[in-house]
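Reader: I am new to reading protein structures. Could you take me through one with short questions and short answers?

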Amino acid sequence: ENGAHVPVLVIGTGYGGSVAALRLAQAGIDVHMIEMGMAWDAPGADGKIFANTTNPDGRSYWLRTKTEQPLSNFLGFPIDRDIPRYTGILDAENFSGITVYQGRGVGGGSLVNGGMAVTPKRENFGTVLPSVNADEMYGTYYPRANAGLGVNNVDLAWWETTDCYQYARVGRKHAQRSGFPFVFVPNVYDFEYMKREAAGTVPKSSLAGEILYGNNFAKKSLQKTYIAQAKATGRVAISPLHKVTSVAPAAGGRYTVAIDQINTSGDTTATKTVTADRVFFAAGSVGTSKLLVKLKATGALPGLNAEIGKGWGDNGNVMCGRANHLWDPTGSLQASMPTAGIDNWTAGGAFAEVAPLPTGIETFASFYLSITRNPNRAAFSWNAGTGKVDLSWQTAWKQPSINAAKTIFDKINAKEGTIYRTDLFGVYKIWGDHLTYHPLGGAVLNKATDNHGRLHGHPGLYVIDGSLIPGNTTVNPFVTITALAERNIEKIIATDL
Ligand code: FDA
């Protein structure tokens with residue numbers, strides 16, 4: 001409510017925000033979470049909360065009148081279509097050199113992601129978070145995060161025979177024939193439910209291609225894990241369709257937080273101001289960076305240091321498809337939840353997720369999202385002319401990622417006598433190098449903040465999301481974001497509250 005005071009305000013309801021809310025509430029502290037997206041707790045006209053990937057509608061995109069699908073073309077034809085403008089679930093946020101995909105709604109990225117719950121290899125951790133004690137992370141916080149997220153593994157005997165992972169078995173065959181390690185990865189999708197989907201005894205979600213615009217069943221999004229637990233404490237309130245626009249010091253060491261309430265067309269219907277003793281920035285790498293860069297540049301938070309907005313990376317994301325021979329079909333039924341990857345990190349700087357292409361028809365395509373070692377880092381900056389925050393990333397900066405991915409796929413293509421698909425990202429375009437699913441950095445740990453996420457210059461302000469991580473996690477990021485948040489909040493509760 002306008003004019004209210006709260007002990008702790010959390011901006012955003014993704015991984016970092018949900019961990020903070022749960023642990024603070026368990027410590028007896030009342031928390032108010034502010035989320036710009038919708039609650040995603042009520043069915044639409046078709047009886048379902050979330051739209052299907054193959055049939056996007058207004059629910060699918062954040063305030064766009066046309067879809068912006070990561071794979072924009074198929075067999076030479078553009079596949080994007082007109083949709084009603086609505087506060088939908090997937091934001092394709094366009095900066096000049098990159099489109100950053102993000103989840104919008106209570107649960108953040110957990111609503112739209114592939115659920116791949118990967119802990120980085122221990123020997124790579126020093127490059128992921130150089131200032132963090134690895135023993136503590138691998139001994140305590142990664143296990144705590146995996147438990148809190150409800151991570152589980154696919155039953156390998158079932159995986160070997162089910163139609164819906166034929167694409168992954170083809171991926172394995174090609175990886176292994178070229179000598180690359182093929183690794184299974186855990187997921188937060190309930191694989192026992194998926195078995196029942198395959199058996200036809202429950203409503204389909206993963207086997208109906210649901211992923212990018214939400215899963216109606218069996219994916220353990222944050223709504224079902226951390227947020228459900230946080231709400232059950234009775235100490236956590238959540239305001240969806242509310243967007244934080246400013247945080248500034250107030251009397252008594254408190255902060256004034258300005259919030260726009262919006263409707264499902266994205267229009268502001270009310271402007272509210274509350275005060276908080278402490279504020280956690282958990283708006284995601286892009287959301288937190290945009291807020292902090294603006295608040296520093298406009299003088300609202302003058303004490304923030306020069307590291308704000310810096311150290312942003314795309315986790316080296318690059319996509320590609322390969323065209324298989326007719327004797328190597330990948331299957332018309334593809335589980336939308338990935339289970340495996342090709343690990344060429346040490347030799348070639350690439351970890352390639354064997355990704356689904358759940359079109360419902362046989363495509364003879366193998367599809368991959370590679371996470372690569374890309375040294376390029378961009379910065380956010382305030383543009384006083386437009387009143388917006390810019391990002392300095394350039395499309396050409398993906399070249400190291402393409403080179404790294406080629407260490408895997410050029411070799412596989414040579415071995416198999418196959419070629420790259422050139423029809424998925426445009427016409428005669430091999431690489432999906434225009435996007436990322438994994439924005440990281442912008443308020444880097446131990447630089448923009450201290451080694452536990454306390455922002456320099458303003459006691460009581462914290463960062464607790466993917467913006468703390470300096471640009472790359474060597475694998476998919478949400479387990480690391482969650483584990484780091486578990487580490488930091490434990491310290492903050494013990495020493496600051
Ligand atoms: P996150 O983005 O989750 O949450 C931030 C929240 O803050 C959002 O809900 C946002 O709406 C809200 N917000 C922003 N600004 C605000 C403001 N001013 N006021 C109020 N609210 C605001 N990772 C992985 O490990 N495995 C995977 O399989 C995948 N797959 C995948 C697929 C796709 C399509 C996407 C887009 C992403 C993935 N990811 C992934 C990435 C993963 O989802 C991502 O890294 C995390 O969600 C980031 O967590 P954070 O807590 O940093 O922010």
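Reader: Is Asp 410 buried, partly exposed or exposed?
Author: A note before we start: this is a predicted model. Partly exposed is the class between buried, under 20%, and exposed, over 50%. The relative accessible area of Asp 410 is 31%, so Asp 410 is partly exposed.

Reader: Which residue forms a salt bridge with Asp 410?
Author: The partner sits in helix H10 (residues 399-416), four residues away from Asp 410. That spacing is about one helical turn. The closest N and O atoms are 3.2 Å apart, and the partner is Lys 406.

Reader: What is the relative accessible area of Lys 406?
Author: Lys 406 belongs to the class between under 20% and over 50%. Lys 406 is therefore called partly exposed, with a value of 32%.

Reader: Which residue meets Lys 429 in a salt bridge, and is that residue buried or exposed?
Author: The N to O distance in this bridge is 2.7 Å, and the side chain that Lys 429 meets is that of Asp 433. Lys 429 is partly exposed, at 27%. Asp 433 has 14% relative accessibility, so Asp 433 counts as buried.

Reader: How many salt bridges are there?
Author: To count, a side-chain nitrogen of Lys or Arg must lie within 4 Å of a carboxyl oxygen of Asp or Glu. By this rule the count is 23.

Reader: Where in the chain are the two partners of the Arg 104 and Asp 91 salt bridge?
Author: Their closest N and O atoms are 3.0 Å apart. The pair links distant parts of the chain, 13 residues apart. Arg 104 is in the loop between strand S6 (99-103) and helix H2 (125-128), and Asp 91 is in strand S5 (residues 90-94).

Reader: Why does Arg 104 count as buried?
Author: The cut-off for buried is under 20% relative accessible area. Asp 91, its salt-bridge partner, is buried too, at 7%. Arg 104 counts as buried because its value is 8%.

Reader: What is the distance from an oxygen atom of the ligand to an N or O atom in the side chain of Arg 104?
Author: A polar contact needs N or O atoms within 3.5 Å. Other ligand oxygen atoms can be checked against the backbone: the distance to a polar backbone atom is 3.3 Å for Gly 115 and 2.7 Å for Phe 478. For the side chain of Arg 104, the distance is 3.2 Å.

Reader: How much of the ligand does the protein bury?
Author: Start with the ligand alone. Taken that way, the ligand exposes 1,000 Å². The protein buries 95% of that.

Reader: Which element gives the most residues to the shell around the ligand?
Author: The shell holds 36 residues, and Glu 35 and Gly 109 are among the closest. By class, 16 are nonpolar, 16 are polar and four are charged. Elements giving two or more residues include helix H1 (15-26), helix H8 (284-297) and strand S9 (242-249). The one that gives the most, with three residues, is S9.

Reader: Which strands are at the edges of the sheet that contains S6?
Author: This open sheet has three strands in the order S5-S6-S19, with mixed pairing. S6 and S19 pair in the parallel sense over two bridges. Val 100 stands opposite Thr 436 in S19. An edge strand pairs on one side only, and here these are S5 and strand S19 (435-436).

Reader: Is Ile 227 buried or exposed?
Author: Ile 227 lies in helix H7 (residues 226-232). Its C-alpha is 9.6 Å from that of Ile 238, eleven residues apart in sequence. Its relative accessibility is 2%, so Ile 227 counts as buried.

Reader: Which side chain does Asn 55 join by a polar contact of 3.0 Å?
Author: Asn 55 is in the loop between strand S2 (31-34) and strand S3 (73-74). Asn 55 is partly exposed, at 46%. Its C-alpha is separated by 16 Å from that of Leu 333, 278 residues apart along the chain. The polar contact joins the side chain of Asn 55 to that of Arg 81.

Note on methods. Residues are numbered from 1 along each chain as its sequence is written. This is a predicted model: local features need pLDDT of at least 70, side-chain atom pairs count only at pLDDT 80 or more; totals for chains, interfaces and linings use all residues. Side-chain values use heavy atoms; hydrogens and water are left out. Buried means under 20% relative accessible area, exposed over 50%, partly exposed in between (1.4 Å probe, protein chains only). A residue is near a molecule or strand if one of its heavy atoms lies within 4 Å of it. A polar contact is a pair of N or O atoms within 3.5 Å; within protein, one must be able to donate a hydrogen and the other to accept it, and residues adjacent in sequence count only if both atoms are side-chain atoms. Accessible areas come from the Shrake-Rupley method with a 1.4 Å probe; for residues, only the protein chains shown count as cover. Ala, Val, Leu, Ile, Met, Phe, Trp, Tyr, Cys and Pro count as nonpolar, Asp, Glu, Lys and Arg as charged, and the others, Gly among them, as polar. Two strands pair if DSSP finds at least two bridges between them.
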